[in-house]
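Please look at how the helices of this model lie against one another, and at the course that one of them takes. The paragraphs below go through these points in turn.

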Amino acid sequence: MKKVIYGLLTITMVVSLVGCSGSAKYKPGVYTGSSKGHSSEVKVTATFSKNKIEKVSIDAHGETASIGQAAVEQLMKNIQTKQNAEFDAVTGATETSEAVRRALKATFNQASTSMEKKEKTALKDGTYSAITNSFSVTGQMKGEVTIKDGKIAGIRITEESDSRTGPWFEQAKMKFIPRLLASQSLATDSVTGATTSSSAIRSLVSSAIDQAGGKSDEWYTPVQKKNHTVKLDGYDVIVVGLGGSGILSYASAADQGAKVFGLEAAAQIGGNSASAYGPMALNSKNLAKKYNGGKEYISMSEVYKTWLKYVGTDKKADVIKKAVEQSGTALDYYMDQYGFSFDGLGGLLGSFVVPSWTKLWAAYTADQGNKKWYTFGPDHMFQFRHALEKAKAKNGKNDYQLELTAQELLKDDKGNVIGVKAVSYDGTIYEIFGKSVILATGGFLGNEEMLKEVYGSSIRPIGNTVNKGSGIKMGQSVGGVTYAMKSLPMVHVSQVPNIIRDNSLNPNQKAILSAMATTTDGKQVDETGRKLDRMDQTVTENMEGSTGIVHTPGFHFYNVYSQEDIDTIKTKGLSEKTSKISIFGLGQGGKVPASGTPIKDIDKIIEVAINTNNAWKGTPAELAKKLNMKEEELVKSLGDKDKNYYLFESAAYSYGTVGSLDVDQNMNVLKKDGRPIKNLFAVGQDSQGVCNQDGKAYTPWGGQAQSWTFVSGKIAGEQAAKLAK
């Protein structure tokens with residue numbers, strides 16, 4: 001079955017329903033339903049009046065994004081024609097269409113006055129097995145759901161691979177399952193930070209309900225939320241976001257004697273730092289003693305000069321100087337005071353782009369209890385947890401709360417920042433008052449609208465999508481300005497746009513597909529159909545120039561194959577360069593065969609690639625129409641307007657964004673006139689733009705972003721505590 005690709009699609013429509021006369025059919029309000037689509041959770045939000053739907057929006061941003069707009073428009077037409085949830089699916093978009101249908105029907109069930117008294121379809125007791133796609137790229141999630149006395153009595157995950165990728169699955173297991181059992185509703189909110197795993201568990205339960213003779217659509221009943229407000233005051237420092245930079249800010253401020261409160265939208269701490277290998281460490285005394293006989297191992301002045309040359313301006317020279325000078329000293333501070341440790345890869349590592357920098361950055365020490373390495377790095381969150389708990393213990397007033405999302409800055413009648421308003425996962429509103437605020441919300445990778453506004457395109461995430469630009473927006477709300485917002489996002493991985501999570505291909509076939517899509521041994525075209533003159537696997541800039549997928553329009557490109565190319569692959573195998581492709585982090589467990597090995601099952605690989613919108617076949621005119629390219633440009637690039645070609649798509653995957661609020665060397669957020677907002681600070685990816693430049697990849701030395709986490713966190717914590725005193 002074919003699937004459709006979506007970007008963030010929020011489409012508003014007015015739907016007139018049949019039979020609007022008489023008593024009210026609906027409880028006026030806004031209702032949301034969600035259901036599992038092809039590769040993500042699809043949400044439908046409907047605004048009801050007494051007798052009709054006034055507005056409907058579809059959020060399918062986790063689905064794939066090349067040709068989804070046309071499909072969504074067709075879905076909207078079908079819904080308007082049927083004027084209910086039983087609209088026709090769009091051909092080629094069956095899974096997503098069905099997800100929209102189920103989610104829309106769930107909103108009807110929530111809004112309908114008749115549903116208040118209507119019993120759900122009876123369920124047959126038993127234990128039901130189900131399987132679904134989830135966060136992992138190497139295996140599906142399997143589970144058993146027990147139905148007893150018409151209720152969901154138990155949920156057990158019997159097989160999953162999500163936990164190999166990172167620590168987030170455990171939060172879905174520990175929090176989402178008991179909440180769903182308590183609410184008995186498929187409308188139970190996903191656990192923030194573990195939305196895909198939560199959605200997969202919801203899908204298992206939905207399948208079990210249907211197997212038991214019920215109708216899963218009926219189980220999207222509203223979950224009661226709290227509506228009271230809690231006020232917390234007397235804090236010196238409020239830290240918004242407990243990723244790496246937030247925790248380090250919290251620890252630094254607490255170490256100075258400040259009373260600190262931290263809040264984190266996700267169900268666990270760590271943010272993008274949970275996926276980092278480790279930080280740049282310029283002449284750390286501790287690491288020099290451990291790995292270099294106590295001697296300095298790099299020229300700080302050379303790094304500083306190279307950095308300024310790279311960004312092409314000295315506008316932020318004072319901040320960059322701090323980033324260089326405190327890279328090692330900040331690490332030493334947190335090692336000495338909070339027990340951080342770095343040796344996960346056996347010592348100091350060299351730079352990615354400057355060969356003379358042979359000792360530059362270090363990897364985190366993995367948890368000694370499990371010595372576990374996730375896909376993107378060692379399991380080192382124990383170090384951050386230890387630091388947070390130690391900092392909390394420094395003052396009886398200190399505290400923090402997870403699943404608490406900041407909404408806005410609180411201000412007095414003169415516009416001064418006096419605290420933060422936030423909402424808990426259970427609906428409770430918090431008003432937290434303090435003398436200073438540190439913004440550490442991690443950039444805007446999870447905000448589709450901001451991505452498109454800044455870059456003109458979204459980008460596929462492997463980083464934390466909890467990061468929705470809230471810190472940047474809060475800073476702007478009180479006069480803060482941004483810096484280098486168009487610095488290119490952090491990209492280290494290329495892969496097909498729609499990772500195949502089911503068993504339609506085996507791991508080796510998936511590896512072949514990935515290699516054919518991401519290789520640079522051949523002809524590439526961009527999203528307009530223009531031939532790319534130079535393309536390789538490099539995804540950062542070096543000092544000589546810029547290359548790589550991060551610099552292509554829309555952060556993706558297409559590899560071109562003729563039928564003759566495909567026939568050669570079938571009989572003689574892949575080229576030597578293509579056969580050596582390895583997908584970092586998002587590899588699916590298979591191996592690409594050596595060059596010269598015939599790929600006899602290439603037709604099956606192509607069939608699945610086309611069905612999943614990872615590849616397309618047709619003449620230049622047909623391909624241009626399918627992919628919204630310029631036909632003349634594509635004909636020019638491909639060479640023959642009458643021949644069939646295959647286009648395999650390669651997409652960039654990003655850890656996070658870089659552009660941010662403008663800050664000074666004290667991490668104070670700056671106004672347009674350059675004056676600091678004295679009690680407002682920004683750290684980590686909310687401030688990292690100051691180390692970079694518009695239109696360039698973020699500084700590529702190795703571990704620089706994670707180093708900034710330590711440097712900015714230490715400075716902001718100190719300065720915020722000093723201000724409070």
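Helix H6 (residues 244-255) and helix H19 (residues 704-724) cross in a right-handed sense, meaning that the near helix is turned clockwise from the far one by less than a right angle. Their axes, lines fitted to C-alpha atoms over the stretch in contact, come within 7 Å and cross at roughly 40 degrees, which makes H6 oblique to H19, a term for angles that are neither under 35, over 145 nor 65 to 115 degrees. Among the residues in contact (heavy atoms within 4.5 Å) are Gly244, Leu248 and Ala253 of H6 and Phe710, Gly713 and Ala721 of H19.

This is a predicted model, in which local features need pLDDT of at least 70 and side-chain atom pairs count only at pLDDT 80 or more, while totals for chains, interfaces and linings use all residues. Residues are numbered from 1 along each chain as its sequence is written, and side-chain values use heavy atoms, with hydrogens and water left out.

A second pair is formed by helix H4 (residues 169-183) and helix H5 (residues 195-211), which pack at an angle of about 45 degrees with their axes 9 Å apart, and H4 passes H5 in a right-handed crossing. The contact includes Phe169, Phe176 and Leu180 of H4, together with Ile201, Arg202 and Val205 of H5.

Helix H9 (residues 317-338) has 22 residues and reaches 30 Å from its first C-alpha to its last. A kink of about 50 degrees in H9 is centred on Gln326, and H9 is followed by Gly339, whose phi is positive, near 75 degrees.

Terms used
Axes fitted to C-alpha atoms, helices over the stretch in contact; angles between N-to-C directions. Helix = DSSP H or I, 4+ residues; strand = E, 2+ residues; numbered from the N terminus. Expected span 1.5 Å × (residues − 1). Bend = angle between axes of the 7 residues up to and from the residue.
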